Amino acid sequence: MRSPAVRDGLSVGLATAVYGVSFGALAVAAGLDIWQTCFLSLVMFTGGSQFALVGVLASGGVAAGGSAIATAALLGVRNVVYGMRMKPIVDDGGVVRRVLAAWVTIDESTAVALAQSDRRSARIGFWVTGVIIFVGWNLTTLLGALIGDAIGDTRAWGLDAAAAAAFLGLLWPRLKRRQAGAVAAIAAVVAVVATPVLMPGLPVLVAGVVAVVVGWFDLFERRRAA
């Protein structure tokens with residue numbers, strides 16, 4: 001029972017942890033120092049929100065801080081849904097264990113857990129994936145921040161645009177369904193139209209609200225079903 005869950009957790013965890021190098025370098029490119037970058041990975045620990053945060057900061061600097069935080073928080077809401085789904089599986093200990101479980105409840109740990117055939121395997125897969133990614137992500141974040149700090153002018157290496165590319169890479173596998181693709185396309189159009197008008201960071205929030213509205217009514221999937 002343990003072998004498949006451990007194998008899945010290790011493979012997904014190690015592969016995901018490597019992305020921390022990109023985040024570390026991009027965060028330094030956005031204006032954070034090494035210790036701010038490492039602290040962000042330690043306390044936030046949710047890749048999509050972290051990439052969104054540094055992406056907005058890279059485009060608008062300190063002035064876009066409020067929008068960057070709001071954007072990251074909006075993306076982080078999904079972890080609340082994951083927590084509700086995972087609670088019956090991992091809630092088998094005291095307060096400390098619950099806090100630790102909440103800390104490592106992310107896309108990957110949830111996905112590995114739900115892919116298992118029984119509750120015990122799901123619990124093992126969740127913890128193996130979450131712990132491997134947490135440790136690996138923080139180590140590779142430090143490595144990426146050191147690399148970004150060492151190369152100096154990150155714009156010369158194209159890192160000023162890499163945050164958006166990295167976030168798109170995380171998003172791409174989720175666009176297989178027609179509804180998800182339509183929501184992404186509409187949100188992108190709204191962001192592009194709003195960019196010349198609004199201050200940096202706000203177009204992302206406006207696009208996010210539009211995406212939530214379109215996604216909530218599930219218009220494209222309903223039309224396909226009909």
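# A first look at an all-helix chain

Read from start to end, the chain runs α-α-α-α-α-α-α-α-α-α-α-α. That makes 12 helices and zero strands. Keep in mind that this is a predicted model. The chain has 226 residues, and 38% of them count as buried. Here's a quick tour, beginning with the early helices and ending with a patch and a pocket.

**Helix α2 and what follows**

- Helix α2 covers residues 19-29, and its buried residues are G20, F23, G24, A25, L26, A27 and V28.
- Just past the end of α2 you'll come to G31, whose phi is positive at about 115 degrees.

**Helix α3 and the loop after it**

- T37 sits in helix α3, and its relative accessible area is 0%. Buried means under 20%, so T37 counts as buried.
- T37 also gives us a link back to α2: L26 is 11 residues away from T37 in sequence, and their C-alpha atoms are 9.3 Å apart in space. L26 is itself one of the buried residues of α2.
- L42 is another residue of helix α3, but its surroundings leave it partly exposed, with a relative accessible area of 38%. That value lies between the 20% and 50% cut-offs, which is why L42 is called partly exposed rather than buried or exposed.
- Move on to the loop between α3 and α4 (47-60), and you'll find F45 there. F45 is not a glycine, yet it has a positive phi of about 45 degrees.
- Although F45 belongs to a loop, it is buried, with a relative accessible area of 3%.

**A long-range pair at helix α8**

- Helix α8 spans residues 119-150, and S121 is part of it.
- S121 has a relative accessibility of 2%, so it counts as buried under the 20% cut-off.
- In sequence, S121 and A5 are 116 residues apart, but in space their C-alpha atoms are 5.6 Å from each other.

**A nonpolar patch on the surface**

- Six names to look for on the surface are F39, L42, V43, V95, V99 and W103, which form a nonpolar patch. Together they have about 560 Å² of accessible area.
- Two elements each give two or more residues to this nonpolar patch: α3 (34-43) and α6 (95-103).
- L42, the partly exposed residue from above, is one of the patch members.

**The second largest pocket**

- The volume of the second largest pocket is about 210 Å³.
- Its lining is made up of N79, G83, M86, K87, V90, D91, R98, A101, A102 and T105.
- The elements that give two or more residues to that lining are α5 (65-90) and α6. Of the elements, α5 gives the most, with five residues.
- By type, the lining of the second largest pocket divides into four nonpolar, three polar and three charged residues.
- Helix α6 turns up in two places on this tour: it gives two or more residues to the nonpolar patch, and it also gives two or more to the lining of the second largest pocket.

Key:
Residues numbered from 1 in each chain as written. Predicted model: local features only at pLDDT ≥ 70, side-chain atom pairs only at ≥ 80, totals over all residues. Heavy atoms only, no water. Patch = residues over 30% accessible without salt bridge, like charges linked within 9 Å, V, L, I, M, F, W, Y side chains within 5 Å. Areas by Shrake-Rupley, 256 points an atom, 1.4 Å probe, with all protein chains shown as cover. Salt bridge = Lys/Arg side-chain N within 4 Å of Asp/Glu carboxyl O. Helix = DSSP H or I, 4+ residues; strand = E, 2+ residues; numbered from the N terminus. Buried < 20%, exposed > 50% of the residue type's maximum accessible area, 1.4 Å probe, protein only. 1 Å grid on protein atoms, 1.4 Å probe; cavity = no way out; pocket = protein on both sides within 12 Å on 5 of 7 lines; lining within 4 Å. Points joined across faces, edges and corners; volume = space filled by probe spheres on them. Nonpolar A, V, L, I, M, F, W, Y, C, P; charged D, E, K, R; others polar.
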